[in-house]
Amino acid sequence: MSKTIDEIVNRLKKYPEAEYELNAESITVNPKNDNGFPVTLTDNGNENFTVAFDFWHEEFDNEIDALNCFAFGLSKDCRLKLTKKGNRPIKWTVESNHNGKWIEDSTTGLINLSFWKKSEFQFLQNDLIKNIAE
């Protein structure tokens, strides 16, 4: 197990209600309920990391940035806007809370062959970390 994943496991000791899955290269914190989303950090080696919120993901070449993104996904300051077409998820957009207003940050999407269908939106949010400064 990498030192980065060890660091996360140590930090999660402050949150005994957190359920997580662990292997040699990654850690996933599972959502507490159906309104949340899984948050995963994968150590790709050579100081390269992938952080994923459900299907959304971003690559990092800096451990601190990857850890901050991982913690952000577990906080109340982050939410995931899920766009569905025909009840099928097609887009995941990370949003951040700025003084009570949700701002879109980045999006991961799939090719949508049902473009004519009406978009439906679902907002997912974790609240393991109440304040990102914790």
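The mean positions of the 16 positive and 22 negative charges of the protein lie 10 Å apart, where Lys and Arg count as positive and Asp and Glu as negative, with His and the chain ends not counted, and where the place of a charge is NZ of Lys, CZ of Arg, CG of Asp or CD of Glu. This and every other value here comes from a predicted model, in which local features need pLDDT of at least 70 and side-chain atom pairs count only at pLDDT 80 or more, whereas totals for chains, interfaces and linings use all residues. Residues are numbered from 1 along each chain as its sequence is written, and side-chain values use heavy atoms, with hydrogens and water left out.

**Overall fold**

The protein contains two helices and nine strands, which are DSSP runs numbered from the N terminus (helices being H or I of at least four residues, strands E of at least two). Read from the N terminus, the order of the elements is α-β-β-β-β-β-α-β-β-β-β. With a radius of gyration of 15 Å, close to the 14 Å that the globule rule gives for 134 residues, the protein is as compact as a globular protein of that length; the radius is taken over C-alpha atoms, and the rule is 2.2 Å times the number of residues to the power 0.38. Along the principal axes, the C-alpha atoms fill a box of roughly 45 × 30 × 25 Å.

The accessible surface comes to about 7900 Å², and 48% of it belongs to carbon and sulfur atoms, the areas being derived by the Shrake-Rupley method with a 1.4 Å probe. Of the 134 residues, 42% count as buried, a term that means under 20% relative accessible area, while exposed means over 50% and partly exposed lies in between (1.4 Å probe, protein chains only). Among contacts (heavy atoms within 4.5 Å) between residues at least 6 apart in sequence, 44% join residues at least 24 apart.

**The nonpolar core**

The largest nonpolar core has 31 residues, and those with the most contacts inside it are Leu12, Ile27, Leu41, Phe53, Phe70 and Leu80; such a core is a set of buried Ala, Val, Leu, Ile, Met, Phe, Trp, Tyr and Cys residues joined through side-chain atoms within 4.5 Å. Elements that each supply at least two residues of this core include helix H1 (3-12), strand E2 (26-29), strand E3 (39-45) and helix H2 (63-73). The largest share, six residues, comes from H2.

Leaving aside neighbours within four places in sequence, the contacts of Leu41 include Ile5, Ile8, Ser26, Ile27, Val51, Leu67 and Phe70. Ser26, in strand E2, is in turn in contact with Ile5, Glu21, Thr40, Leu41 and Thr42, again leaving aside neighbours within four places.

**Individual positions**

The table sets out four residues by location and accessibility.

| Residue | Location | Relative accessibility |
|---|---|---|
| Ser26 | strand E2 | 12%, buried |
| Gly45 | strand E3 | 25%, partly exposed |
| Asn87 | loop between E6 and E7 | 58%, exposed |
| Asn99 | loop between E7 and strand E8 (101-109) | 85%, exposed |

Asn87 has a phi near 65°, a positive value in a residue other than glycine, and Asn99 likewise has a positive phi, of about 55°, although it is not a glycine. The C-alpha atoms of Gly45 and Ile27, which are 18 residues apart along the chain, are separated by 14 Å.
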